[in-house]
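Student: Please take one part of this model and go through it closely. I would like the helix packing, with the residues named.

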Amino acid sequence: MLFRRSLRTSAAALALLLPFAAACGTDARAESSTVTLTVGATGWKAEEAVLKYANLDDTPYKIKWSLFQGGDQQLQAVRAGALDLASSSEIPPVFAAADGSANFKVVAVQKGATLNQEVVVPKGSKVTGIAGLKGKKIGYVQNTTAHYFLYELLKQAGLKWSDVDAKPLLPNDGLAALNGGGIDAFASYGTSIITAHQQGATTVGSGKDILSGNFLWSARDSVLNSPKQKAAAADLVARITKAYAYVRDGHLDGFAQVTADATHQPLAQARKDLTDAQAQRPTQARTVGADTIASQQKVADVFTELGALKEHLDVKTFWTTELNTDLEKAL
């Protein structure tokens, strides 16, 4: 059984390497040793961990992972030249490109779950729904999914943005303010929501059915101008898809343990969250298409309506299909 598994893992790794080799030449492994991608992660380095867990971390190029509190910070790092590849929701690239001088392109879409995207209130709060937040102080992570779904939830509850005292906060600062009484509710995502629940917070609103589940890979223009880095980016995105397929194929328990250790939560909760997430929307990449661009345009238009964007933004100006061919081969 172990021998067969090793053969399957080796075959998968070889299949992923072939498109990279084709893009870089017959001696790709020797040449690619000088290729490095600096890649962003939010919350915890789940992508790095899942590659290692699935034995797909033996990339023929170097990866430097950097951890951020949000996708908005990743896009800022891309703009500053500190990251080659950023992963985020649909929202951060909108604001990173709003000044019209984006030095990046959205190159791929990773479908993912929209769980743990919530508005929470602290333990003991008498608020039971979004309508009860009128006139209250609400922390939110600006220019992220939290900003978007909070606005949409307020609209659904018949409230305007001006009906609440909305305060932009980073996830860690928002948690501290929620527990310290500085805010009455907090709109956030991921590990910050997991931690909030561990500290007794309860959910009063969710972005689960509001968000599209499209998570974007944005590459700096310099990556697209380098055949080797471009091939490496396609290979990496494909490997992450294959790694999650491996997790779903009978290996949920093991990766739940990895997740629990990294996020400091009970194993049972980590397993439930992982199982629910992969059941809701399996993590997998797809190429850029008209529908994915249209989905982000809808999001950008909401932020224009909100007044967070000063004027209409045509999002297709910072999307590209340049990675499609390489990614299709790698997948």
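**Helix H11 and its neighbours**

Tutor: H11 and H12 cross with a right-handed sense. This is a predicted model. H12 covers residues 267–280. The axes of H11 and H12 come within 8 Å. They cross at roughly 120°. The two helices are therefore oblique to each other, since 65 to 115 degrees is the range for roughly perpendicular.

Now the residues. On the H11 side, the contact uses Leu252, Asp253, Phe255, Ala256, Gln257, Thr259 and Ala260. On the H12 side, Leu267, Ala270, Arg271, Leu274 and Thr275 meet them. By class, the contact of H11 with H12 holds seven nonpolar, three polar and two charged residues.

H11 also packs against H3. H3 spans residues 46–53, and H11 spans residues 252–263. The axes of H3 and H11 come within 11 Å and cross at roughly 140°. That makes H3 oblique to H11, because roughly antiparallel needs an angle over 145 degrees. This crossing of H3 and H11 is right-handed.

From H3 come Ala46, Ala49, Val50 and Tyr53. From H11, Gly254, Phe255 and Val258 meet them. By class, the contact of H3 with H11 has six nonpolar residues, one polar and no charged. Phe255 appears in the contact with H3 and also in the contact with H12.

Spacing helps in reading such lists. An α-helix has 3.6 residues a turn, so residues three or four places apart point the same way.

Next, a helix further along the chain. H13 runs over residues 290–306 and has 17 residues. From first C-alpha to last, H13 reaches 25 Å, close to the 24 Å expected at 1.5 Å a residue. Its buried residues are Thr292, Ser295, Gln296, Gln297, Val299, Ala300, Val302, Phe303 and Leu306.

What do the buried residues of H13 pack against? The helix partners are H5 (91–96) and H6 (145–156). The strand partners are S4 (104–111), S10 (214–220) and S11 (284–286). Glycine 307 follows H13, and its phi is positive, near 95°.

Last, a glycine in another helix. Glycine 180 lies in H7, which covers residues 171–180. Glycine 180 is exposed, with a relative accessible area of 65%. Its C-alpha is separated by 9.4 Å from that of proline 122, and the two residues are 58 residues apart along the chain.

Conventions. Residues numbered from 1 in each chain as written. Predicted model: local features only at pLDDT ≥ 70, side-chain atom pairs only at ≥ 80, totals over all residues. Heavy atoms only, no water. Helix = DSSP H or I, 4+ residues; strand = E, 2+ residues; numbered from the N terminus. Expected span 1.5 Å × (residues − 1). Buried < 20%, exposed > 50% of the residue type's maximum accessible area, 1.4 Å probe, protein only. Contact = heavy atoms within 4.5 Å. Axes fitted to C-alpha atoms, helices over the stretch in contact; angles between N-to-C directions. Parallel < 35°, antiparallel > 145°, perpendicular 65-115°, else oblique. Left-handed = near helix turned anticlockwise from the far one by under 90°. Nonpolar A, V, L, I, M, F, W, Y, C, P; charged D, E, K, R; others polar.
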